[in-house]
Amino acid sequence: MAGPDPELAAKLQPDVPHAARIWNYWMGGKDNFQSDRAAGDAVAEVYPEIVVMAQQSRVFLVRAVRYLAAEAGIRQFLDIGTGLPTMQNTHAVAQSIAPDSRIVYVDNDPMVLVHARALLANTTTEGVTTYVPADYHDPEKILAEAAQTLDFDQPIAVMFMGVLGYEPNLEVVRSIVERTMAAMPSGSYLVLWDGTDTSPEVVSGAERLAQSGGVPYILRSPEDLDTCFTGLTKVGPGLVPIPLWRAEEPDAVGIDAYGAVARKP
């Protein structure tokens, strides 16, 4: 991969913990700095399950994309707030099932954009993978850019994978989801998961993250997350802890993160 351009490199701020890099650290990745590892360790001290959550978030992504590509026949994916690439990214999973799948990744993190070149090179001949530099607070810009790659007359899977907790206002979160899904045709899907306030330990972990200099992450109740699916039809098993969504392991147990996949009528 070519090195980052000077403008992007100047935005990396290695001394400031950043959400995408902290998450990369929890997932066992190498694209992080000491400040990110320190913040990640501070959270793990009071909430060791954060590492499990990071790993299970990828398992949920893989299962959801497999379902959408293999069972629901979806060939277009809009992954908003994608974070740093690791293994089994959305395009890799979708295109392994349907090589002609088209994927648009969206993120506003400079380090993610640095890695976009490598990610874009790893796609099938039949399919398309592209990146849109944008903030999820601006759905209209995202939709306009995505329309250059995706056909908005055909179903699209919209994905918000553990990122909406960085917006403190639930009404703003609902607005982001609603405005994005309003542009989607019938038969499209919403895939969404986020951390939940379902244990004292995870609440302590979120507090430690903020204290360590990371961007605060707002934990919400499953009931609050469920309101993001208003007007959509959730596929089974509904909104559940992400390890339990179509779990393949008989001993799967829940964690403080809930997710669902829902279809737009």
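Good morning. The largest cavity in this structure holds about 210 Å³ of space. I should say at once that the model is a predicted one. The count of cavities of 30 Å³ or more comes to one. Which residues lie closest to the centre of the largest cavity? They are Trp23, Trp26, Ile50, Leu209 and Tyr217, out of 19 residues in the lining. The elements that contribute two or more residues to this lining are α2, α4, β5 (189-195) and α9. By class, the lining has 16 nonpolar residues, three polar ones and no charged ones.

Let me turn to helix α9, one of the elements in that lining. Helix α9 covers residues 200-211, twelve in number, and reaches 17 Å from its first C-alpha to its last, close to the 16 Å expected at 1.5 Å a residue. Its buried residues are Val202, Gly205, Ala206 and Leu209. Seen down the axis of α9, these buried residues fall within an arc of 95 degrees, so they line one face of the helix. The general background is that an α-helix has 3.6 residues a turn, so residues three or four places apart point the same way. On the face of α9 turned away from the buried side we find the exposed residues Pro200 and Gln211. What do the buried residues of α9 pack against? Their partners are α2 (19-26), α3 (34-46) and α4 (50-71). Just after α9, glycine 213 has a positive phi of about 100 degrees.

Helix α4 deserves its own remarks. The 22 residues of α4 should span 32 Å at 1.5 Å a residue, and its end C-alpha atoms are 31 Å apart, which agrees. After α4 comes glycine 73, with a positive phi near 75 degrees.

I move on to the pockets. The largest pocket contains about 720 Å³ of space. Of its 35 lining residues, Gly81, Gly83, Asp107, Val163 and Tyr166 are the closest to its centre. Two or more residues of the lining come from each of α2, α4, β1 (76-80) and β2 (102-107). Which element gives the largest share of this lining? That element is α2, with four residues. The lining of the largest pocket consists of 18 nonpolar, twelve polar and five charged residues.

The second largest pocket has a volume of about 290 Å³. It is lined by 17 residues, and those nearest its centre are Met27, Gln55, Arg58, Met87 and Gln88. Here α4 gives the most to the lining, with six residues. The lining of the second largest pocket divides into five nonpolar, six polar and six charged residues.

Next, some individual positions, beginning with tryptophan 245. This residue sits in the loop between β7 (240-241) and β8 (257-263). Is tryptophan 245 buried or exposed? With a relative accessible area of 0%, tryptophan 245 is buried. Its C-alpha lies 8.1 Å from that of arginine 63, although the two are 182 residues apart along the chain. Leaving aside neighbours within four places in sequence, the contacts of tryptophan 245 include Phe60, Arg63, Ala64 and Tyr67, and among them are also Val235, Gly236, Pro237 and Gly238.

Two points of backbone geometry follow. As general background, most residues other than glycine have a negative phi, and most peptide bonds are trans. In this model, the peptide bond from glycine 236 to proline 237 is cis, with omega near 5 degrees. Proline 237 belongs to the loop between β6 (233-234) and β7. Arginine 246, which is not a glycine, has a positive phi of about 50 degrees. Arginine 246 is placed in the loop between β7 and β8, and at 31% relative accessibility it counts as partly exposed.

The last position is serine 35, in helix α3. At 15% relative accessibility, serine 35 counts as buried, because the cut-off for that class is under 20%. Not counting residues up to four places away in sequence, serine 35 touches Pro14, Asp15, Val16, Pro17 and Arg21. How far apart in space are serine 35 and phenylalanine 160? Their C-alpha atoms are 26 Å apart, with a separation of 125 residues in sequence.

To close, I return to helix α4. This helix gives two or more residues to the lining of the largest cavity and two or more to that of the largest pocket, and it gives the most to the lining of the second largest pocket. Thank you.

Technical notes. Residues numbered from 1 in each chain as written. Predicted model: local features only at pLDDT ≥ 70, side-chain atom pairs only at ≥ 80, totals over all residues. Heavy atoms only, no water. Expected span 1.5 Å × (residues − 1). Buried < 20%, exposed > 50% of the residue type's maximum accessible area, 1.4 Å probe, protein only. Arc of directions from axis to C-beta. Contact = heavy atoms within 4.5 Å. 1 Å grid on protein atoms, 1.4 Å probe; cavity = no way out; pocket = protein on both sides within 12 Å on 5 of 7 lines; lining within 4 Å. Points joined across faces, edges and corners; volume = space filled by probe spheres on them. Nonpolar A, V, L, I, M, F, W, Y, C, P; charged D, E, K, R; others polar.
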